[in-house]
Amino acid sequence: LSRESLAKSIVIMRPSILSTSRFTLVIMPRHDNPPKRKNVAVTEGALNLINEQYLKGQTEKLIRAQGSTLKTQGCYIGLLIGGDTKSFSLSRKIISEVIRQIKPVSERLNADILVTTSRRTSFAIEEIVKEEFSKYQRCKLLIIANEKNLPQALGGVLGLSEIVISTPESISMISEAVNSKKYVLVFKAQGLDKKHRRFLDNFAKNKYIYLVEPSDLGQGIEDIWRSRPQIQGLKDNLLIREAINKIL
């Protein structure tokens, strides 16, 4: 179609059966092992809509939906809970340890907690989350996506939180959290494929995230809260903008 129309062709992510040389521009994340070619723009994470304006809008919508339980001036720790994939299963043991770490540190830091699951979250994990947080005084938001999925939940949690805790299996969710320019901690877990491990290792190496053992999560939160290191933001949007400008 692009040849017949004398048009530029752009593909996002690795083309399936076609060579990257067939396209004017290929936008591919680093964890997909992109080839070194002039027409390949390499991103660090997954493309997403997260920016300051988006977060502000989603935060306002979430606060309106939740009423007086949320305040823009509060100190919040966000917990993003994903779920199972083809190669990964989020275990009850790990999520229980994560919760055991977050609760005491929220008390010590006088911080409240915002929790949202995803539609991939298993029923067993949802039950643990509800049991631990539904009546917990410091939990100011608990969204079980399979019961009531608010489209503004993720953006609102990212917008309100100073520190974000994420499960390790979702490249998109972690990329969105990093793009929010908040401190992002991801806890380690077994069962991730090589691509996900490459992604996490690269993000940790470049200080986009802090990759920690579940048992070290509380100390990690406290260290970041007190030291306030510089936040390293992604520059994928700028890279793509420049790559597109070159071919137009």
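## Exercises on a predicted model

Ile27 stands opposite Ala41 in E3. Keep that pair in view; the model you're looking at is a predicted one.

**Exercise 1. Find the strand that pairs with E3, and work out the strand order and the edges of its open sheet.**

Start from the pairing itself. Strand E2 (residues 25–29) runs parallel to E3, and four bridges link the two. Now widen the view: the open sheet has three strands in the order E1-E2-E3, paired in parallel. Strand E1 (10–12) and strand E3 (40–43) are the edge strands, as each pairs on one side only. Going from one strand to the next, the twist averages 15°. Last, look for what packs on this sheet. That's helix H8 (residues 236–247), which touches E1, E2 and E3 and points at about 170° to the direction of E3.

**Exercise 2. Lay out the open sheet of six strands and say which strands stand at its edges.**

Write down the order: E6-E5-E4-E7-E8-E9, with parallel pairing. E6 and strand E9 (210–212) each have a single partner strand, so one side of each has no neighbour in the sheet. On average, and ignoring direction, neighbouring strands here are turned by 20° against each other.

Next, zoom in on one pair. E5 and E6 are joined in the parallel sense over four bridges, and Val115 sits opposite Leu142 in E6. Then add the helix on top: H3 lies across E4, E5 and E6, and runs at about 160° to E6.

**Exercise 3. Check the length of helix H2 against the expected span, then list what covers its buried residues.**

Take the length to begin with. H2 (residues 92–109) has 18 residues, and its first and last C-alpha atoms are 26 Å apart, close to the 26 Å expected at 1.5 Å a residue.

Then pick out the buried residues. Among them are Ile94, Ile95, Val98, Ile99, Ile102, Val105 and Leu109, but also Glu97, Gln101 and Lys103. Their cover includes strands E4 (76–80), E5 (112–116), E7 (163–166) and E8 (183–187), plus helices H3 (123–133) and H7 (217–227). Don't stop at the helix end: just after H2, Asn110 has a positive phi of about 55°.

**Exercise 4. Work out how helices H1 and H4 are placed against each other, and which residues meet.**

Two packed helices are described by the angle and the distance between their axes. For H1 (residues 52–66) and H4 (residues 153–160), the axes come within 7 Å and cross at roughly 105°. The two helices are therefore roughly perpendicular to each other.

Now the residues. From H1 come Tyr54, Leu55, Gln58, Thr59, Leu62 and Ile63; from H4 come Ala153, Gly155, Gly156, Val157, Leu158, Gly159 and Leu160. Sort this contact by class and you get eight nonpolar, five polar and no charged residues.

**Exercise 5. Is Leu150 buried or exposed, and what is it in contact with?**

Place the residue to start: Leu150 is in the loop between strand E6 (139–143) and H4. Its relative accessible area is 13%. The cut-off for buried is under 20%, so Leu150 is buried.

For the contacts, set aside neighbours within four places in sequence; that leaves Leu62, Gln66 and Ile143 touching Leu150. To finish, compare sequence with space: Leu150 and Thr116 are 34 residues apart along the chain, with 9.6 Å between their C-alpha atoms.

Key:
Residues are numbered from 1 along each chain as its sequence is written. This is a predicted model: local features need pLDDT of at least 70, side-chain atom pairs count only at pLDDT 80 or more; totals for chains, interfaces and linings use all residues. Side-chain values use heavy atoms; hydrogens and water are left out. Axes are lines fitted to C-alpha atoms, for helices over the stretch in contact, and angles run from 0 to 180 degrees between N-to-C directions. Angles under 35 degrees count as roughly parallel, over 145 as roughly antiparallel, 65 to 115 as roughly perpendicular and the rest as oblique. Contact means heavy atoms within 4.5 Å. Ala, Val, Leu, Ile, Met, Phe, Trp, Tyr, Cys and Pro count as nonpolar, Asp, Glu, Lys and Arg as charged, and the others, Gly among them, as polar. Buried means under 20% relative accessible area, exposed over 50%, partly exposed in between (1.4 Å probe, protein chains only). The expected span of a helix is 1.5 Å times one less than its number of residues. Two strands pair if DSSP finds at least two bridges between them.
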